[in-house]
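Hi everyone, thanks for making time this morning. I'd like to walk you through a structure that is new to most of you, so please have a look at the screen.

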Amino acid sequence: MWGLGTMSKQISVNISNEILDIQDAYNFVCDPAHGAIDLFIGAVRNNHQGQNVQGITYDMHDTLSRQSFEDIAKEACNKWKDIKIYINHYKGDLPIGGISIIIAISSTHRAESFDACRYVIEEIKKRSPIWKQEHYKYGRSSWLPGHSLRQESNG
Amino acid sequence: MHLTKLQNRDLVAVDKINSKINVKVKYYGAFRKFGDDIEFSVPKESSIADIKAVIQDKLNAKSLVQSSVISNEDSILQDDYILNDDATLSILPPVCGG
């Protein structure tokens, strides 16, 4: 078991091959001055484009993924003031219902935490070097298409 | 004297052509079907575009390589980035995390 992450008072980002812990996310962002916590949980579903999915393998470039999480979290902190952000992404094999990502964001009022949480998950999907391999019946599997980083790196 | 200068310059040019660097490129996502990584030699001062061309030729995966980027451990490298020394790189296909 391993974890790869960084933490400040305001931002915690991590990559883990242990089951992701919702309580850990809550504990980090919980703040007596914050009245709102928005929690996003990504979970493995049993179907995709008509295929019966049995599970997903998550592959990641560890250092660049962690760097992208930090960059995105810092951008969110600049856009929405006085928020706390927790990001943890799973790496490895997950069954149906397994949690692939937890994003928790707290803020004084709910609008900031909702908006920042949406921003963080959408940016991760576009920019973080993470890949999904879906597994189907009879041992078949497929790496899912995604967003090319060429556009991101070229600005 | 003039001849000597020419010879020296030519020798430097020949040295440059003959000078090779070793490159290791780690695979991720859809590239995993080809193994964990690929290693090859290229002339010194090859660009990232040159590296992608080598991988494209070796794997016969034009579309996948062209939609991918090359990185080192710190950042994504642009196509015109020049390699002067041995390098360990990664090839990153289109992403779909979350």
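Let's start with A:Arg127 and A:Glu123, which form a salt bridge whose closest N and O atoms are 2.9 Å apart. Before I go on, please keep in mind that this is a predicted model. In general, side chains of opposite charge can pair when their charged atoms come close.

Where do these two partners sit along the chain? Both belong to helix α3 of chain A, and because they are four residues apart there, about one helical turn separates them. Helix α3 itself covers residues 110–127.

Now, is A:Glu123 buried or exposed? Its relative accessibility is 11%, so A:Glu123 counts as buried, given that buried means under 20%. If we leave out residues up to four places away in sequence, A:Glu123 touches A:Ile72 and A:Ser128. The charged pair also belongs to something wider: A:Glu75, A:Glu123, A:Lys126 and A:Arg127 are linked in a network of salt bridges.

Let's stay in helix α3 for another pair. A salt bridge joins the side chains of A:Glu122 and A:Arg118, at 2.8 Å from N to O. Here too the residues are four apart in helix α3 of chain A, so about one helical turn lies between them. And how accessible are these two? A:Glu122 is partly exposed, with a relative accessible area of 33%, while A:Arg118 is exposed, with 55%.

Next, please find the place where the chains meet through charge. B:Asp79 and A:Arg150 make a salt bridge, and their closest N and O atoms are 3.1 Å apart. This pair crosses between chains: B:Asp79 is in the loop between β5 (76–77) and β6 (82–83) of chain B, and A:Arg150 is in helix α4 (residues 149–153) of chain A. B:Asp79 counts as partly exposed at 30% relative accessibility, and A:Arg150 counts as partly exposed at 25%. How many salt bridges does a search of the whole structure find? Over all chains, the search finds 10.

Let's move from charges to strands. In chain A, four strands form an open sheet in the order β8-β6-β10-β11, with antiparallel pairing. Which strands stand at the edges? They are β8 (92–95) and β11 (141–143); each has a single partner strand, so one side of each is left without a neighbour in the sheet. On average, neighbouring strands of this sheet are turned by 20 degrees against each other, direction ignored.

If you'd like to follow one pairing by eye, try β6 of chain A, residues 55–60, which pairs with β8(A) in the antiparallel sense over four bridges. Within that pairing, A:Ile56 stands opposite A:Leu94 in β8(A).

My last stop is a loop. A:Lys137 lies between β10 (130–135) and β11 of chain A. At 40% relative accessibility, A:Lys137 counts as partly exposed. Which residues does A:Lys137 touch, not counting those up to four places away in sequence? The answer is A:Asn52 and A:Gln54. There is also A:Gln51: it is 86 residues from A:Lys137 along the chain, and the C-alpha atoms of the two are separated by 9.2 Å.

If you take one picture home, let it be helix α3 of chain A, where buried A:Glu123 is bridged to A:Arg127 and A:Glu122 is bridged to A:Arg118. Thanks for listening!

Key
Residues are numbered from 1 along each chain as its sequence is written. Chains are lettered from A and ligands numbered from 1 in the order in which they are written. This is a predicted model: local features need pLDDT of at least 70, side-chain atom pairs count only at pLDDT 80 or more; totals for chains, interfaces and linings use all residues. Side-chain values use heavy atoms; hydrogens and water are left out. Two strands pair if DSSP finds at least two bridges between them. Helices (H or I, at least four residues) and strands (E, at least two) are DSSP runs, numbered from the N terminus. Axes are lines fitted to C-alpha atoms, for helices over the stretch in contact, and angles run from 0 to 180 degrees between N-to-C directions. Buried means under 20% relative accessible area, exposed over 50%, partly exposed in between (1.4 Å probe, protein chains only). Contact means heavy atoms within 4.5 Å. A salt bridge is a side-chain nitrogen of Lys or Arg within 4 Å of a carboxyl oxygen of Asp or Glu.
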